[in-house]
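Pull up the model and keep the sequence handy. We'll take a walk through it, stopping at a few helix contacts and a handful of residues along the way.

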Amino acid sequence: MILLITSLAKVQDCAKALQEVTAEEVQVAATLREAVTQLEAHEFSAVVLDQLLLDAEPDDVETIFKHIGAAVPVHSNFAISGIERVSRELRSALHRRKRELLLARHEAQQDLRSELRSTMTALLLSCEMALRVPNLPTLAETKIRAVDALAKEMRTKLALTP
């Protein structure tokens, strides 16, 4: 869902155009206070802000950004920008956000995989050393071999995961 914050007379035309471009529902707020209420009640993928409204209500701007959450902010001056330009800026911002999220997810997966590989190595070494203990009870050996097999299976899965 997208939040459009503007007091523009043709706000419904703009909302319709943004909805067509993004295939997401568009909510409209005519004031920054109204926008804060919307931001508190819903989660948005993007917030399109009319620069003229931001300039007219400077005291409420900080409150907007406190409540924006994970939404990508898109600033535009509706007095000089047409609906097509605002649509392009929004589409570009949403694509950029999607790329950034994918990169962050990939990096987090790589970090986790690296940490798990270290743990798997330590676990496998510990199993190997435990199996070398002389006079190891049969039940303990069986359990250690089971843990060793599971650790090897996890290591293989970690190596195969992109």
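## A walk from Thr-22 outwards

Let's start with Thr-22, which counts as buried because its relative accessibility is 16%, under the 20% cut-off for that class. Bear in mind that this is a predicted model. Thr-22 sits in helix H1, and its side chain reaches the backbone oxygen of Leu-18 at 2.8 Å. What does Thr-22 contact once its neighbours within four places in sequence are left aside? The answer is Ile-2, Leu-90 and Leu-94.

Two of those names lead us straight to the next stop, since Leu-90 and Leu-94 belong to the H5 side of the contact between H1 and H5. Helix H1 covers residues 11–22 and helix H5 covers residues 83–131. Their axes come within 10 Å and cross at roughly 40°, so H1 and H5 are oblique to each other. As for handedness, H1 passes H5 in a right-handed crossing. On the H1 side, the residues that meet H5 are Asp-13, Cys-14, Ala-17, Leu-18, Val-21 and Thr-22. Facing them from H5 are Ile-83, Val-86, Ser-87, Leu-90, Arg-91 and Leu-94. Sort the residues of this contact by class and you get 8 nonpolar, 2 polar and 2 charged. Leu-18 turns up twice in this story: it is part of the contact with H5, and its backbone oxygen is what the Thr-22 side chain reaches.

Now step one residue past the end of that helix. Ala-23 lies in the loop between H1 and strand S2 (26–29). Is Ala-23 buried or exposed? It is exposed, with a relative accessible area of 71%, whereas Thr-22 counts as buried. Check the backbone of Ala-23 too: its phi is near 60°, a positive value in a residue other than glycine.

Next, over to another helix pair. Helix H2 (residues 32–41) and helix H4 (residues 58–67) have axes that come within 9 Å and cross at roughly 15°. That angle makes H2 roughly parallel to H4, given that angles under 35 degrees count that way. The crossing of H2 past H4 is left-handed, while H1 passes H5 in a right-handed one. From H2, the contact draws on Leu-32, Arg-33, Ala-35, Val-36, Leu-39 and Glu-40. H4 supplies Asp-60, Val-61, Thr-63, Ile-64 and His-67. By class, the contact of H2 with H4 has 6 nonpolar, 2 polar and 3 charged residues.

Back to H5, this time following the chain on towards helix H6 (138–160). In the loop between H5 and H6 you'll find Asn-135. Like Ala-23, which has a positive phi, Asn-135 has a positive phi in a residue other than glycine, here near 55°. Asn-135 is also exposed, with a relative accessible area of 78%.

Past that loop, how do residues of H5 and H6 sit relative to each other? Take Ser-118, found in helix H5 and partly exposed at a relative accessible area of 49%. The C-alpha atoms of Ser-118 and Thr-156 are separated by 13 Å, with their positions 38 residues apart along the chain. Then there's Arg-155 in helix H6, which is partly exposed as well, with a relative accessible area of 42%. Its C-alpha atom is separated by 11 Å from that of Ser-114, and the two are 41 residues apart along the chain. Which residues does Arg-155 touch, not counting those up to four places away in sequence? Met-120 and Leu-124.

Notes:
Residues numbered from 1 in each chain as written. Predicted model: local features only at pLDDT ≥ 70, side-chain atom pairs only at ≥ 80, totals over all residues. Heavy atoms only, no water. Axes fitted to C-alpha atoms, helices over the stretch in contact; angles between N-to-C directions. Helix = DSSP H or I, 4+ residues; strand = E, 2+ residues; numbered from the N terminus. Parallel < 35°, antiparallel > 145°, perpendicular 65-115°, else oblique. Left-handed = near helix turned anticlockwise from the far one by under 90°. Contact = heavy atoms within 4.5 Å. Nonpolar A, V, L, I, M, F, W, Y, C, P; charged D, E, K, R; others polar. Buried < 20%, exposed > 50% of the residue type's maximum accessible area, 1.4 Å probe, protein only. Polar contact = N/O pair within 3.5 Å; in protein donor to acceptor, adjacent residues only side chain to side chain.
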